[in-house]
Amino acid sequence: MIEFKPETHQYFLEGRELTPVTTLLQNYGLAPKFFSQQAAKKGTFIHKAIHLYLLDNLNENSLDPIIKPYFESFKKWFLENEPEVREAEYRLGSLLLGFAGTLDFIGIVGEELLLIDWKTGQKIIPSHWLQLEMYRRLVSQEEWAKEAKVAILHLPKGELIRPDEKQEKKAKEIVEAIIKIEVWKSRLK
């Protein structure tokens, strides 16, 4: 079982610390290193509200006015699509790969098994697809998830976005290269 320490953003599996996916991407210069505290806090609260909603434990009247439009965007998508929720805020990690992360959502949407990440920024950037590809690599170790597809629910718009073929191919190639380097580095230790 993956242990997560939110105050330090550390993941552990069987006592060994694993590199968070976002940190790994930042180490390779493939993701922004700096986020405003305000934006990070807002994202955390939005994710928490959605998770509580999925657990049927959210008092919607308690939502801050800054959070509410993002949550309403999610809720509208959720009610229109009626996904079958398999997992929410699902912690993933691998001793072999040496990294871990928390995937926002795994579920059946229509006929497809989707790995979905909630994004609250104004635009989708290439590192988002890399992050999702790393999550796919982690979850694909589980037999039931081998055919999972990835998508982003862009909360400002309530729009489910999937990578095009070129984005998906590039993300897979980059993640494969990172994994090869990381495995090679671990053997040198």
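The residues that line the largest cavity of this predicted model divide into 4 nonpolar, 1 polar and 3 charged. They are W129, E133, R136, V150, P163, Q167, E168 and A171, and the helices α4 and α5 each contribute at least two of them. The space enclosed there amounts to about 40 Å³, and a search of the whole structure for cavities of 30 Å³ or more finds 1.

Helix α4, which shares in that lining, is a useful element to follow from here. Its 14 residues should span 20 Å at 1.5 Å a residue, and because the C-alpha atoms at its ends lie 20 Å apart, the expected and the modelled span agree. The helix is mostly covered, with 12 of its 14 residues buried. These buried residues are S127, H128, W129, L130, Q131, L132, E133, M134, Y135, R136, L138 and V139, and among them W129, E133 and R136 also belong to the lining of the largest cavity.

The same helix leads into the largest nonpolar core, where α4 provides the largest share, 7 residues. Of the 30 residues that make up this core, F99 and M134 touch the most other members; M134 is one of the buried residues of α4. At least two residues of the core come from each of α1, β4, β5, β6, α4, β7 (149-154) and α5 (165-188), so that helices and strands both take part in it.

Several of these elements can be found again around the largest pocket, which has a volume of about 1600 Å³. Its lining comprises 40 residues, and those nearest the centre of the pocket are T22, A40, G43, T44 and H47. Two or more lining residues are given by each of α1 (21-27), α2, β4 (84-94), β5 (99-109), β6 (112-119) and α4 (126-139), with α2 giving the most, 10 residues. Sorted by class, the lining of this pocket holds 15 nonpolar, 16 polar and 9 charged residues.

Helix α2 is also one end of an aromatic contact, and the model as a whole contains 10 aromatic pairs. In one of them, the rings of Y53 and F78 have their centres 5.8 Å apart and their planes at 85°, and because an angle over 60 degrees counts as edge-to-face, the pair is placed in that class. The contact joins distant parts of the chain, since Y53 lies in helix α2 (residues 37-54) and F78 in helix α3 (residues 68-81), 25 residues apart. Both Y53 and F78 are buried, and both belong to a cluster linked by ring pairs, whose members are Y53, F71, F74, W77, F78, F105 and W118.

Two points of the backbone remain to be considered. E14, although not a glycine, has a positive phi of about 50°, and its place is in the loop between β2 (10-13) and β3 (16-20). With a relative accessibility of 70%, E14 counts as exposed, because the limit for that class is over 50%. E89, again a residue other than glycine, has a positive phi near 50°, but its place is in strand β4. The relative accessibility of E89 is 24%, and E89 therefore counts as partly exposed. Strand β4 is also among the elements that supply the largest nonpolar core and the lining of the largest pocket.

Conventions: Residues are numbered from 1 along each chain as its sequence is written. This is a predicted model: local features need pLDDT of at least 70, side-chain atom pairs count only at pLDDT 80 or more; totals for chains, interfaces and linings use all residues. Side-chain values use heavy atoms; hydrogens and water are left out. Rings of Phe, Tyr and Trp (its six-membered ring) pair if their centres lie within 6.5 Å; planes under 30 degrees apart count as stacked, over 60 as edge-to-face and the rest as tilted. Helices (H or I, at least four residues) and strands (E, at least two) are DSSP runs, numbered from the N terminus. Buried means under 20% relative accessible area, exposed over 50%, partly exposed in between (1.4 Å probe, protein chains only). On a 1 Å grid over the protein atoms alone, a cavity is a set of points where a 1.4 Å probe fits but cannot get out, and a pocket is an open set with protein on both sides within 12 Å along at least five of seven lines; lining residues have an atom within 4 Å of a point. Grid points are joined across faces, edges and corners, and a volume is the space filled by probe spheres set on the points. Ala, Val, Leu, Ile, Met, Phe, Trp, Tyr, Cys and Pro count as nonpolar, Asp, Glu, Lys and Arg as charged, and the others, Gly among them, as polar. The expected span of a helix is 1.5 Å times one less than its number of residues. A nonpolar core is a set of buried Ala, Val, Leu, Ile, Met, Phe, Trp, Tyr and Cys residues joined through side-chain atoms within 4.5 Å.
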